[in-house]
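Welcome, and thanks for taking a look at this one with us. Please have the sequence and the 3D view open side by side as you read.

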2 protein chains.
Amino acid sequence: MSRKEQIEETATALFKAKGYSATSMRDLANELGIEAASIYSHIKSKEEILQKVCFRMAREFFEATDAVDSPQASATERLTKAIAAHVKVMTQNTEASAVFLYEWRHLSEPYHSSFLSLRDKYEAHFRGIIRSGVESGEFKVPDVKFATMTVFSGLNWIHTWYKPEGKMTPSEIAENLTYMMLNGMKNN
Amino acid sequence: MSRKEQIEETATALFKAKGYSATSMRDLANELGIEAASIYSHIKSKEEILQKVCFRMAREFFEATDAVDSPQASATERLTKAIAAHVKVMTQNTEASAVFLYEWRHLSEPYHSSFLSLRDKYEAHFRGIIRSGVESGEFKVPDVKFATMTVFSGLNWIHTWYKPEGKMTPSEIAENLTYMMLNGMKNN
DNA sequence: TAATATACCTAACGAATGTTAGCAAATTTC
DNA sequence: GAAATTTGCTAACATTCGTTAGGTATATTA
């Protein structure tokens, strides 16, 4: 791993733990065991790190869900696979995922806008699956947009409690979340 | 509304919009139309505002859910009412809710710890309802803790998209979320 | 009307912020 | 072994930060 990658990784951990704004370059330097000014031999600015992380994660989420999508499959199957792909990316990148979810708002223009439109596009993918499920009669939801956001909320909360050493594996998490979203908690 | 309350309200809006750390006292002063130093005629410190908001919201959530709880009712009914109460508090205080959910981590000790234990206690209330539902056979969930967090994730995502002028009223939101959490998306 | 409290001001403090300049040692490449 | 690249340093910059001191005008209360 190059020094630059090391810096980005350490910064990502700090951004998750303290937030982007509350993380100073001197905090980051301290964590790396060097002086703050030395970091600038490797990166252009603090925000550059944030940009890299946000857009790399966007790409990872896109690639992962695209790879498992098959438009001719049932909506249930498509959603199940999309959820599993999302959970996999998230659990393999817990810190970067947290940055992707909460720190993007500190991006300056034009990164802020282009990040948001990427995120919208990603959400639209899920929305499309759910809508097609409703149209085919597989799903019954109060509102497609609302249902999509509820699914996302479940997905995006995972990073707050997931620990690799915990009792649920990523695929069990995906399985359980899919079960809850499809069947709910009612016993029948 | 006293000047102090006005300051807290304006600060809350900024904390939601930009985050606690990225909001300067000069930002806040500017929004109020006064000088930064003038704020200190009314408050002791920047963090005092954060403390007030976090603990006030904790109290509001507790009181709202306690008020509608009836231990002898069915788990379904108890959960339905708890969700409705939570959504009501949240939609009536969107900005303070966002601070409650994301900015509490900037509290210093001992506030940080005591906030977290309050939050845990609140979550335990929901967890208790779900557990009793599982024991009575009303609910069937993969894991009680997991189910609780999934419910919370749906609840706590609302503030990111809720707009008072939107098409869903708070009680419709509660109704729809309860439906999804109890029945899932599957049409059967 | 005198006393008190409220609300805000200017000026400034010490500390922390992101970043640049200029340089030196070590490591890698040719 | 020379050249180039990588990695780091010290010193310092301009700016912004939360906050304090000391003061004035306005509004409220006695």
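The notes below look at a DNA strand and its protein surroundings, and then at one serine.

## The model

Please keep in mind that this is a predicted model.

## Around DNA strand C

Let's start with the DNA. There are 16 residues around DNA strand C, and those that come nearest are Met25(A), Tyr40(A), Arg3(B), Glu35(B) and Ser38(B). Sorted by class, the surface near the strand has 5 nonpolar, 6 polar and 5 charged residues. Seen from the DNA side, sugar or phosphate accounts for 55% of the strand C atoms within 4 Å of the protein, and bases for the rest.

## Contacts with phosphate oxygens

Three residues are worth a closer look here. In chain A, the side chain of Tyr40(A) has an N or O atom 2.4 Å from a phosphate oxygen of DNA strand C, while Met25(A) places a backbone N or O atom 2.8 Å from a phosphate oxygen of that strand. In chain B, a polar backbone atom of Glu35(B) lies 2.5 Å from a phosphate oxygen of DNA strand C.

## Ser97(B) in its helix

Now turn to chain B, where helix H5 (residues 94-102) includes Ser97(B). Is Ser97(B) buried or exposed? Its relative accessible area is 0%, so Ser97(B) counts as buried, the cut-off being under 20%.

The side chain of Ser97(B) comes to 2.7 Å from the backbone oxygen of Asn93(B). Leaving aside residues up to four places away in sequence, Ser97(B) touches Met57(B), Phe61(B), Val89(B) and Met90(B).

Technical notes:
Residues numbered from 1 in each chain as written. Chains lettered and ligands numbered in written order. Predicted model: local features only at pLDDT ≥ 70, side-chain atom pairs only at ≥ 80, totals over all residues. Heavy atoms only, no water. Near = heavy atom within 4 Å. Polar contact = N/O pair within 3.5 Å; in protein donor to acceptor, adjacent residues only side chain to side chain. Nonpolar A, V, L, I, M, F, W, Y, C, P; charged D, E, K, R; others polar. Helix = DSSP H or I, 4+ residues; strand = E, 2+ residues; numbered from the N terminus. Buried < 20%, exposed > 50% of the residue type's maximum accessible area, 1.4 Å probe, protein only. Contact = heavy atoms within 4.5 Å.
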